[in-house]
Amino acid sequence: KALQGSLRAASISASLLGFARESDHAHAANLRVVIEEAIACQARDPRKDGVELIIEVPDLLVAMPPLNLQQVLVNLMLNARKAMMTRTSRTGHVLRISAAQEQDIIHLQIQDTGPGIPPAVMERLFEPFVTQATGDGATVGAEHRGTGLGLSICRDLIQRAGGSIEAQSVPGQGAAFHIRLPRANSLLSA
């Protein structure tokens, strides 16, 4: 197990370094490739936690640096995974990532089947230092609480790229993040 863990850590590091070198100066990202890289660089594959990953993303180029997009995706995926793991049932969880193009805008959606976001937190979700613990009825244990900076940073990175992000949630029915980003000049051929 130690050897497997070390090999996985080495693979994650190599993936991150290779991805960083390739995209140091890039201003456009292949959405599908960045999603695959974001999944690969996580310490633990979400599928090993009983999360079904559904990825419905064609080859689309978005006008956002790949490393910034990867940071946004990793944050949203980790948040969704943490939320889904707080539920009493550890099975039947779905993380759906979908994207479509409408004229010069790419619509990206990350949706989970977690417990949802409390209304008190939803009101301030993208503000710095807002966590599940800042709302009423916190559902995240201390070991899973973050600093409350991730979504604020995600919003800033997306806005710098000329895009927008918003969240929708119904308590008990999961959460969905809708991201709109400008399309890069051309689509990749499939």
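In the predicted model, Asp156 is partly exposed, because its relative accessibility of 31% lies between the limits of 20% for buried and 50% for exposed residues. Its salt-bridge partner is Arg155, and the closest N and O atoms of the two side chains are 3.2 Å apart. Arg155 also counts as partly exposed, at a relative accessibility of 24%.

A second ion pair is formed by Glu127 and Arg124, whose side chains meet in a salt bridge with an N to O distance of 3.1 Å. Here, too, each partner falls in the partly exposed class: Glu127 has a relative accessible area of 34%, and Arg124 reaches 35% relative accessibility.

A further salt bridge joins Arg32 to Asp59, with 3.2 Å between the closest N and O atoms. This pair connects distant parts of the chain, the two residues being 27 residues apart. Arg32 belongs to helix H2, whereas Asp59 lies in the loop between strand S2 (51-56) and strand S3 (61-62). Arg32 is partly exposed, with a relative accessible area of 33%. In the whole structure, the search identifies six salt bridges, among them the Arg32 and Asp59 pair.

Helix H2, which carries Arg32, also takes part in a helix-helix packing. Helix H2 (residues 31-40) packs against helix H3 (residues 66-85) at an angle of about 55°, and the axes are 9 Å apart. H2 is therefore oblique to H3, since the angle falls neither under 35 degrees nor within the range of 65 to 115 degrees. The crossing of H2 past H3 is right-handed. On the H2 side, the contact is made by Leu31, Val34, Ile35, Glu37, Ala38 and Ile39. These residues meet Pro66, Leu69, Gln70, Leu73, Val74 and Met77 in H3. By residue class, the contact of H2 with H3 comprises ten nonpolar residues, one polar residue and one charged residue.

At the level of the overall fold, the protein chain contains five helices and seven strands. Along the sequence, these elements follow the pattern α-β-α-β-β-α-β-β-α-α-β-β. The protein chain has 190 residues, of which 42% count as buried. Among its contacts with a separation of 6 or more, 70% are between residues 24 or more positions apart.

Definitions and conventions
Residues are numbered from 1 along each chain as its sequence is written. This is a predicted model: local features need pLDDT of at least 70, side-chain atom pairs count only at pLDDT 80 or more; totals for chains, interfaces and linings use all residues. Side-chain values use heavy atoms; hydrogens and water are left out. Axes are lines fitted to C-alpha atoms, for helices over the stretch in contact, and angles run from 0 to 180 degrees between N-to-C directions. Helices (H or I, at least four residues) and strands (E, at least two) are DSSP runs, numbered from the N terminus. Angles under 35 degrees count as roughly parallel, over 145 as roughly antiparallel, 65 to 115 as roughly perpendicular and the rest as oblique. A crossing is left-handed if the near helix is turned anticlockwise from the far one by less than a right angle, and right-handed if clockwise. Contact means heavy atoms within 4.5 Å. Ala, Val, Leu, Ile, Met, Phe, Trp, Tyr, Cys and Pro count as nonpolar, Asp, Glu, Lys and Arg as charged, and the others, Gly among them, as polar. A salt bridge is a side-chain nitrogen of Lys or Arg within 4 Å of a carboxyl oxygen of Asp or Glu. Buried means under 20% relative accessible area, exposed over 50%, partly exposed in between (1.4 Å probe, protein chains only).
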